[in-house]
Amino acid sequence: MTACTFFGHRDCPENIEPILTKVMIELITVKGVTMFYVGNQGRFDQIALKVLRILKDIDSVNMDYAVVLAYVPSVPEGFVRYAEGETMLPEGIEQVHPKFAISWRNDWMLRNSDYVVTYTTHSWGGAARYAAKARKMRKNIINIYQ
């Protein structure tokens with residue numbers, strides 16, 4: 001299985017959706033990516049999930065995806081609801097202190113992916129830190145920031 005994950009700044013413009021769609025289609029049709037892992041912490045993750053849902057509904061597209069959660073789900077006010085089977089908890093996350101859960105989940109997604117799509121406009125913050133980790137791990141990185 002060839003997999004891809006995403007890391008982007010919490011705030012990003014809506015107009016990245018067409019670029020992200022084009023990149024995902026190329027990853028599927030040219031690079032053979034069949035699994036996508038996406039987080040749920042910010043705007044970039046929301047846009048990536050939106051595109052993944054659209055692509056999944058196209059019969060000719062052979063791919064799957066999972067929203068990888070950092071915390072065991074509860075139903076607080078404002079909780080985002082996901083479709084059945086759309087989320088997953090990486091094995092072992094339940095033993096991670098909540099303070100470190102997002103980093104642990106991101107490390108898991110990075111270890112389990114061959115490709116990393118990023119939206120990084122500057123060199124600080126979580127997205128930039130994980131893009132740097134991906135480079136050190138020699139992952140195939142695509143930064144859609146233009």
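Which residues of helix 4 are buried? They are Ala127, Ala128, Tyr130, Ala131 and Ala134, where buried means under 20% relative accessible area with a 1.4 Å probe on protein chains only.

## Ground rules

This is a predicted model, so local features need pLDDT of at least 70 and side-chain atom pairs count only at pLDDT 80 or more, while totals for chains, interfaces and linings use all residues. Residues are numbered from 1 along each chain as its sequence is written, and side-chain values use heavy atoms, leaving out hydrogens and water.

Helices (H or I, at least four residues) and strands (E, at least two) are DSSP runs, numbered from the N terminus.

## Helix 4

Back to those buried residues: they sit on the same side of helix 4, because they cover an arc of only 165° around the axis, taken from the directions from the axis to the C-beta atoms. They pack against strand 1, helix 3, strand 5 and strand 6 (140-143); contact here means heavy atoms within 4.5 Å. Just after helix 4, Arg138 takes a positive phi of about 60°.

## Strand 2 and its neighbours

Strand 2 is covered on both faces: Met35 and Tyr37 are buried on one side, Phe36 and Val38 on the other. In a regular strand, side chains alternate between the two faces of the sheet.

Strand 2 pairs in the parallel sense with strand 1 over three bridges and with strand 3 over four bridges; pairing takes at least two DSSP bridges between the strands. Cys4 stands opposite Phe36, and Tyr37 has Ala66 in strand 3 as its bridge partner.

Technical notes. Buried means under 20% relative accessible area, exposed over 50%, partly exposed in between (1.4 Å probe, protein chains only).
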